[in-house]
Amino acid sequence: MSEKDQVLVLSLVVGVFCGLASVVLKLSIEWLHHLLTSWFDGNFDYNFLYLVYPGIGMLLSMLFVRYVIRDNIGHGVTKVLLAVSKNESKIKPHNMWSSLVASSVTIGFGGSVGAEAPIVYTGAAIGSNIGRKMRLSYKNITILLGCGAAGAVAGIFKAPLAGVLFTLEILLFNISMSSILPLLLSTVSATVISYLFLGDSLPFECTLSPFTMRNIPFYILLGLFCAACSIYFTRTTLWLEDKIKSIEGPFRRWFFSAACLGLLIFLFPPLYGEGYDSLSVLLNGGGITFENSTVLGFFMDRPWTVVLFFLFILVLKVFSMSFTNAGGGVGGTFGPTLFVGAVAGFVLSRAINLVFAGSGVTVPEQNSVLVGMAGLMAGVMQAPMTAIFLIAEISGGYDLLIPLILTSTISFGATRIVEQYSIYTKRIAKRGELLTHDSDQAVLTLLKTTDLIESDFTSVRIDATLGELVDAVSNSSRNIFPVLDSRKHFQGYVSLEDIRKDMFKKDMYNTMYVYNYMKSSPAYVYPDEKMDSVMKKFETTDAWNLPVVDHYRTYLGFVSKSKIFSAYRNQLKEVSHD
């Protein structure tokens with residue numbers, strides 16, 4: 001069987017495993033959630049357990065990661081991007097189950113994060129390790145990694161098309177139509193598995209009002225509001241996580257984060273866990289009944305205080321998510337993005353309906369909740385196509401395709417003006433490790449300096465005579481000769497052109513030395529240096545060959561511009577598909 005055919009078969013296998021992993025994760029979270037809260041009867045007294053449940057889950061996850069896994073498994077989507085750009089799409093085998101276990105405990109105990117990023121990391125690890133086990137090429141391992149991620153999204157949401165679009169927009173930098181088939185096979189098989197075990201109900205079934213053209217100005221306004229929320233979401237998350245991680249000691253970080261998270265959930269119960277139960281209420285127009293479940297319930301009987309209550313939830317969800325992740329929990333930002341988007345849609349629509357009450361102007365709140373989810377996804381993840389079709393698939397809301405497209409496009413465009421990168425890529429882009437849809441930058445990121453070092457140059461001592469240098473020339477096929485001292489430290493180089501006029505003058509063989517002809521290098525290249533930095537050195541020095549040395553200036557070889565160009569062409573062929 002050809003490798004291309006193997007990928008088609010393996011994509012189905014990957015999809016099945018990803019579907020099963022999604023089912024296990026979803027059922028584990030639901031079982032833990034039911035075990036811990038099923039005996040709550042809505043009495044405010046039981047809410048004191050919200051103060052401790054999330055902290056216990058975070059502690060268990062932290063101990064599991066710190067002493068069992070001994071690896072950083074947080075921020076799954078970012079880790080997948082790094083695996084593609086820096087590690088030849090290789091992901092450690094333990095990631096096929098470790099993220100699933102840790103996130104189940106974190107979210108099941110009430111951690112305010114999403115299960116989607118961990119399952120994407122799990123699915124990508126399944127695809128990567130199956131590809132490596134079958135000894136596939138880097139190109140096809142990357143495709144199977146994408147199949148795993150796509151299958152994970154499809155399985156957790158029962159949304160095959162959204163799984164494909166998620167991989168194309170967020171994970172894979174360069175893919176052609178021939179690679180779509182494995183992705184489709186993976187997402188379909190994962191979705192079928194999810195339907196078999198979880199039933200045929202949609203994740204966010206809801207009652208929708210028909211779309212009317214007169215509401216277009218509102219959806220434009222919602223797009224702008226979602227853009228503002230997206231910028232707040234991204235910047236606050238990254239800033240707050242960095243601040244919390246600056247606290248010395250993992251147990252101090254855990255205690256601080258657990259205390260803050262418990263207090264937030266105690267005051268605002270919808271922040272507990274993924275928060276999808278609250279979204280179901282908003283999506284189906286049910287009554288908002290938090291009067292008996294929170295200390296703030298005494299003022300929930302006033303129309304505007306409901307808006308204010310959910311506005312606080314919108315602002316504080318970012319804090320609760322950051323406390324969970326930075327304090328030792330394992331979860332993602334995907335779920336919180338959907339949650340905040342839904343709340344944003346509700347807050348804006350309810351506020352407009354209150355302002356224009358009695359004037360005949362009404363905005364359907366259920367529609368706004370759904371469209372807001374897509375708007376925030378488009379802004380925070382900068383993946384508008386994924387946002388549009390994911391929300392349509394998980395809700396059956398294809399009747400709202402026009403507002404979904406309108407709000408998502410405006411949110412994406414307005415956010416992109418202020419934030420060039422998504423929440424997944426901002427940190428790694430600053431480090432120059434992001435593999436993008438820009439083919440030139442993507443291929444340069446894939447190239448490794450260590451793979452391009454040429455070590456077949458004949459070196460000469462700095463105190464060698466011209467005669468010894470001529471002997472070296474006669475035994476070498478290269479026209480550059482690195483000059484080293486007694487400790488193998490690079491001192492300079494001699495080119496064939498430099499000695500051409502003297503190399504046949506035998507009377508100078510014992511009177512002229514290498515240091516008489518040696519030139520200094522205009523720049524040095526280091527083996528761990530990024531390729532875009534190496535290319536800048538070639539551009540500024542106008543050199544065709546530069547020496548590679550370690551940080552002690554020990555000579556390792558040369559890297560040539562022609563070798564880089566050749567590797568670039570080969571890599572471009574590798575990542576580009578027929």
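Me: Before we start, what does contact mean here?

Reply: Contact means heavy atoms within 4.5 Å. Keep in mind that this is a predicted model.

Me: Okay, so which residues is Met-373 in contact with, leaving aside its neighbours within four places in sequence?

Reply: Met-373 reaches Phe-204, Leu-279, Leu-338, Gly-341, Ala-342, Ile-391 and Ile-394. Two residues in this story, Met-373 and Ile-391, also turn up among the members of the largest nonpolar core that touch the most other members, along with Phe-157, Phe-310 and Phe-334. That core has 130 residues. A second, separate core has 16 residues, including Val-460, Leu-466, Ile-499 and Met-508.

Me: Why is Ser-322 called buried?

Reply: Buried means under 20% relative accessible area. Ser-322 comes in at 0%, so it counts as buried. You'll find Ser-322 in helix α12, residues 303-326. Not counting residues up to four places away in sequence, Ser-322 touches Thr-237, Leu-240, Glu-241, Ile-244 and Gly-327.

Me: And what makes Lys-488 exposed?

Reply: The cut-off for exposed is over 50%. Lys-488 has a relative accessible area of 51%, so it is exposed. Lys-488 sits in the loop between β2 (480-484) and β3 (490-495). Its phi is near 65 degrees, a positive value in a residue other than glycine.

Me: Then why does Arg-553 count as partly exposed?

Reply: Partly exposed is what falls between the two cut-offs, under 20% for buried and over 50% for exposed. Arg-553 has 33% relative accessibility, so partly exposed is the right label. Arg-553 is in the loop between β4 (545-549) and β5 (555-560), and its phi is positive too, about 65 degrees, although Arg-553 is not a glycine.

Me: How do you know that β1 and β2 pair?

Reply: Two strands pair if DSSP finds at least two bridges between them. β1 and β2 have 2 bridges, in the parallel sense, so the pair meets that requirement. For a spot to look at, try Arg-461, which stands opposite Leu-484 in β2.

Me: What makes β1 and β3 edge strands?

Reply: Each of them pairs on one side only. The 3 strands form an open sheet in the order β1-β2-β3, with mixed pairing. β1 itself covers 460-461.

Me: And what holds strands of a sheet together as pairs?

Reply: Strands of a sheet pair through backbone hydrogen bonds, either parallel or antiparallel.

Technical notes:
Residues are numbered from 1 along each chain as its sequence is written. This is a predicted model: local features need pLDDT of at least 70, side-chain atom pairs count only at pLDDT 80 or more; totals for chains, interfaces and linings use all residues. Side-chain values use heavy atoms; hydrogens and water are left out. Helices (H or I, at least four residues) and strands (E, at least two) are DSSP runs, numbered from the N terminus. Buried means under 20% relative accessible area, exposed over 50%, partly exposed in between (1.4 Å probe, protein chains only). A nonpolar core is a set of buried Ala, Val, Leu, Ile, Met, Phe, Trp, Tyr and Cys residues joined through side-chain atoms within 4.5 Å.
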